2 protein chains.
Amino acid sequence: MAKFAQRMKTMEKSALAIRNLFGAMNDPEIISFGGGAPAKEALPIDIIREITNEVMRTDKRGVEALQYGNVMGLMDLREAILHELLAPKGVKGKVDNILITNGGLEPINLTCQLYVDPGDVILVESPTFVQAVEIFEMFQAKCIAVDMDDNGMVPEDLEAKILKYKPKMIYVIPTFQNPTGRTLSLDRRQKIAELGSNYDIIILEDDPYRDIRYSGKDLLPIKAFDKTGHTIMANSFSKIFSPGSRLGYVLANDEVTAKLFDAKTATNSHTSTLVQVICAEFFKRGYYPAHLKKICDLYRERRDTMIECIDEFFPKETKRIFPDGGLFTWAELPGGINTTELLIESSTNPEVKVSYVAGESFFAEGGGKGNNCMRISFGGVTPDRIRIGIEKLGNLLSSKL
Amino acid sequence: MAKFAQRMKTMEKSALAIRNLFGAMNDPEIISFGGGAPAKEALPIDIIREITNEVMRTDKRGVEALQYGNVMGLMDLREAILHELLAPKGVKGKVDNILITNGGLEPINLTCQLYVDPGDVILVESPTFVQAVEIFEMFQAKCIAVDMDDNGMVPEDLEAKILKYKPKMIYVIPTFQNPTGRTLSLDRRQKIAELGSNYDIIILEDDPYRDIRYSGKDLLPIKAFDKTGHTIMANSFSKIFSPGSRLGYVLANDEVTAKLFDAKTATNSHTSTLVQVICAEFFKRGYYPAHLKKICDLYRERRDTMIECIDEFFPKETKRIFPDGGLFTWAELPGGINTTELLIESSTNPEVKVSYVAGESFFAEGGGKGNNCMRISFGGVTPDRIRIGIEKLGNLLSSKL
């Protein structure tokens, strides 16, 4: 049978890790702290029914919703992004610089189409989002991990690795990072934008959790400090509207946007107009502010319960992160516990039946780094079940010490 | 500013052609035979309103529709494809071998991810679908054109070019081809499948018009003759359901499907679940057969009107194709008329205001080939306006002889 292209080889390891992740999510008896899916209570089902019922008529937006659309995306959805999602966060831009994508991963794929030749280096956080690494490896890039601390990517290590590896791109998730829940501090945001400009490196700022903040103060995105167009901002509607709608967007300068148009055309023409119309109406009809408050209240309670329970039930020497928003926390465990090995027992032992994501898969550098860590998602689990699940998981952990 | 990847250079020419195509479609005063969009009367707006109104409830499919979904796509949409779209056409397969895509172009992009390394040769029809060529060029493939006659790709020329160029892939639109409306004959379908198997070449069979047939007899797809898994079948819901929903699918063997899973994951995770649920319900509730009959009746009248009018109003020596289905016909004009140059006059002269797609852009071989041809789409124009538009265009053509 015909030989696969080279890129299918370079992505094999991360592709396998991701296939394993998907496989682990399907047992309904498990209390799953694994997936990154929003709570089902956070999905605006009634609003969407009302919107479609109203607009799906030939004299309303029905024809527009079902016909071919603009490559860049629906104009009034791009206006909603500009006025309701970007302006309040201190990001200026033009509607023409926003491209609507099929979910929040597609901006990463499209940016790679634009910039990544085989062998190029991409600097990533240590740990980072494993699906982004899969994309980078499909483009035959070499991922180099940059140290993080509780304030995000460490600028000194970043600059040292810029000098050493001459990267094409730096990939950062600045707010409530996946997998750690950490937030990049304001001064580092500015610093990273400047490093991009000074060294002529693309900064891919992936910020899908930014809007679901439960405590602390909003920070300006990296893009707000970008004076040269080197920062490309990617975002998603998965956390604030619906993952199943598969909507995201990318914001870039004129030159980059023109190329994004070409890459999007050659990927899938344009994003579903039907879901764009529904999402645009969600914003135009003013549903967003109340919906956002509702889901932040919901997740804040889950986050607080999760952190309380970890502190109560996990081994005393556990280091965990208190995230100001997003869907995850991250725990570093004591006593040589291997979270990759423990996951099998944790998810299959009938006394436990709790899953999480083992930390190892998030480290692009490999070598077993992070095998004492776990990503724990609180977004999709009710407080009652968080309490039950974390108690069981904590007892299992303690039994290993 | 950071340098773009090599692929953005190799795709520049076709990207420009496509940007020009999009640009020409936006004047509402023009009678447009340019775009390939379905008739607005062919969009099932009322059915979609009814479906969403019914399923968008927490006790129905609302949560499923708005939550993250399966990489391969929604199970019952894949079952509908298998039983209602493939089996009646003589294609056997398993649900597990169907991947749902974001529209009908994405299968082409994903197949390139799997197979195309820079410098690989792809054989295409002469003329062929310009957006497919753009994708091939983004993957830095070299497109070589294969002769066509009224029965489609000519097998003798195809085999000669296989021997000469050692291609990785052959791209074919077998039924009511874009841009010509021609249909590949049954014996050639079998022959192309066999050539793929014998020479170890991927056959990418792109068949989005197949189901909208207005006359003549259904032909088995190339995939029905594939004994080795070399044929990958791509299709779309754009013509039979709605382009704005952006739904398509790809059918391949186990080995290829496993890799398609990885490439899809690294492109955009999965296709919008919301539109998949709506489309699946469209089939499950039995709407498809009556809808298909309705749109075929609608398009048959438009096709017949278009052909009658071309025969009446175009210069006598014009060669035009009578398509048994699909949305286009193709005309080859006499007397040295250059359709690229004429398009400007045709679309801007207030006495004419008629657009089409100039033939030149569909020839991967370039060199001005096809500059006396035009693609004329009848799908989106009512019979009355077809008559007016073709008379005006015919008069303009005659005035040039």
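In this predicted model, 83 residues of chain A touch 83 residues of chain B, contact being heavy atoms within 4.5 Å. Putting the two chains together buries about 7100 Å², which is the accessible area (1.4 Å probe) that the two parts lose, summed over both. Carbon and sulfur atoms give 60% of that area. On the chain A side, Met1(A), Phe4(A) and Leu66(A) lose the most area to chain B, together 11% of what that side buries.

Next come the polar links. There are four salt bridges between chain A and chain B, each a side-chain nitrogen of Lys or Arg within 4 Å of a carboxyl oxygen of Asp or Glu. One of them joins the side chains of Glu12(A) and Lys259(B), at 3.4 Å from N to O.

What about symmetry? Chain A lands on chain B with an RMSD of 0.0 Å after a turn of 180 degrees and a shift of 0.0 Å along the axis, with copies superposed by least squares on the C-alpha atoms of residues with pLDDT of at least 70 in both. That is the relation of a two-fold axis. In chain A, the C-alpha nearest the axis belongs to Asn53(A), 3.0 Å away from it. The copies meet through the same surface, because 100% of the interface residues of chain A are also interface residues in chain B.

Residues are numbered from 1 along each chain as its sequence is written, and chains are lettered from A in the order in which they are written. Local features need pLDDT of at least 70 and side-chain atom pairs count only at pLDDT 80 or more, while totals for chains, interfaces and linings use all residues, and side-chain values use heavy atoms, leaving out hydrogens and water.
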